[in-house]
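Visitor: Could we go through this structure together, beginning with its pockets?
Guide: Certainly; here it is.

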Amino acid sequence: MPPVKPINGIGTGPPKAHSPTPTQAPNTRRTTRTPNSIEDIIAAPHDVMDTDSAEKFLTSKLLCLEDQSFTLAHLSSILFHITQMSAATPVPVVSAIRAVAFILKKHTACEIAEAAAKTLATSLSTALTNSISARLVDHTIAALAPQVANIHAASEALAKTAQQAEDTLTTTLDKAERLHRYAKDERTEQEGNISIAAERIEESADALFATVTDCQNAIKLLTPSLDTTQERLNHLSTQF
């Protein structure tokens, strides 16, 4: 009897291994569907709607530690743990989460390096500033010391000159005051002498006036006698 020909892979031999079904790559073709905006995604009804509910959810899933701040490093580790929550999570979703986690991790390293650089720069700047300030103060003092000495000497000379001028002015004022007093006394004395002379002149004028008055009176008294004498002389001259 002739051997039976296997049909559809069924026969006496061992079954052939089937090639694995190829994994379908994510659809990268553009679609005409308009993606939701960030505002619409945030406003969509969900168990997590704000920061408080987000922290409670992560804590309930043991994805974070309580009372630990959500730094970039902490958030990066949370994303890595999220990729292990379920084996049924699609590969593209896991890949996207891991991509974000790696980028956050990179930013964490960059921030740490930047913070360290800023701290180092601040320390170096402070040390350099202190060093430069100290040297600048020393050089400034050294440069200004002669000028300060000159200014001090000039100030002392000016003060001495001012004192001499003040002494001279005081002496001059004393002399002027004495001269003023002398002139005042001299004028008073002269005024006194003038007053005495005026009084004497007035007395002399009074005496002269009195004498003139007496002479006038005497003339008045002698006028009749003179007239009589003149008449007698005229009479005698007519007789000769």
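Guide: Some terms come first: helices (H or I, at least four residues) and strands (E, at least two) are DSSP runs, numbered from the N terminus. A pocket, on a 1 Å grid over the protein atoms alone, is an open set of points where a 1.4 Å probe fits, with protein on both sides within 12 Å along at least five of seven lines; lining residues have an atom within 4 Å of a point. The model is predicted: local features need pLDDT of at least 70, side-chain atom pairs count only at pLDDT 80 or more, and totals for chains, interfaces and linings use all residues. Residues are numbered from 1 along each chain as its sequence is written, and side-chain values use heavy atoms, with hydrogens and water left out.

Visitor: Which residues line the largest pocket?
Guide: The lining consists of Ile38, Ile41, His46, Val48, Ala54, Phe57 and Leu58. Two elements, α1 and α2 (51-60), each give two or more residues to it.

Visitor: And which element gives the largest share of that lining?
Guide: Helix α2 does, with three residues.

Visitor: Where is Ile41 placed?
Guide: Ile41 belongs to helix α1 (residues 38-43).

Visitor: Changing topic, how many aromatic pairs does the whole structure have?
Guide: There is one aromatic pair (ring centres of Phe, Tyr or Trp, the last by its six-membered ring, within 6.5 Å; planes under 30 degrees apart are stacked, over 60 edge-to-face, the rest tilted). Phe80 and Phe102 form this edge-to-face pair, at 5.0 Å centre to centre and 80° between the planes. The pair links distant parts of the chain, 22 residues apart: Phe80 lies in helix α3 (residues 72-82) and Phe102 in helix α4 (residues 91-239).

Visitor: What about salt bridges, how many are there?
Guide: The count is one salt bridge (a side-chain nitrogen of Lys or Arg within 4 Å of a carboxyl oxygen of Asp or Glu). It joins the side chains of Arg181 and Glu177, at 3.3 Å, N to O.

Visitor: Why are those two about one helical turn apart?
Guide: Because Arg181 and Glu177 are four residues apart in helix α4.
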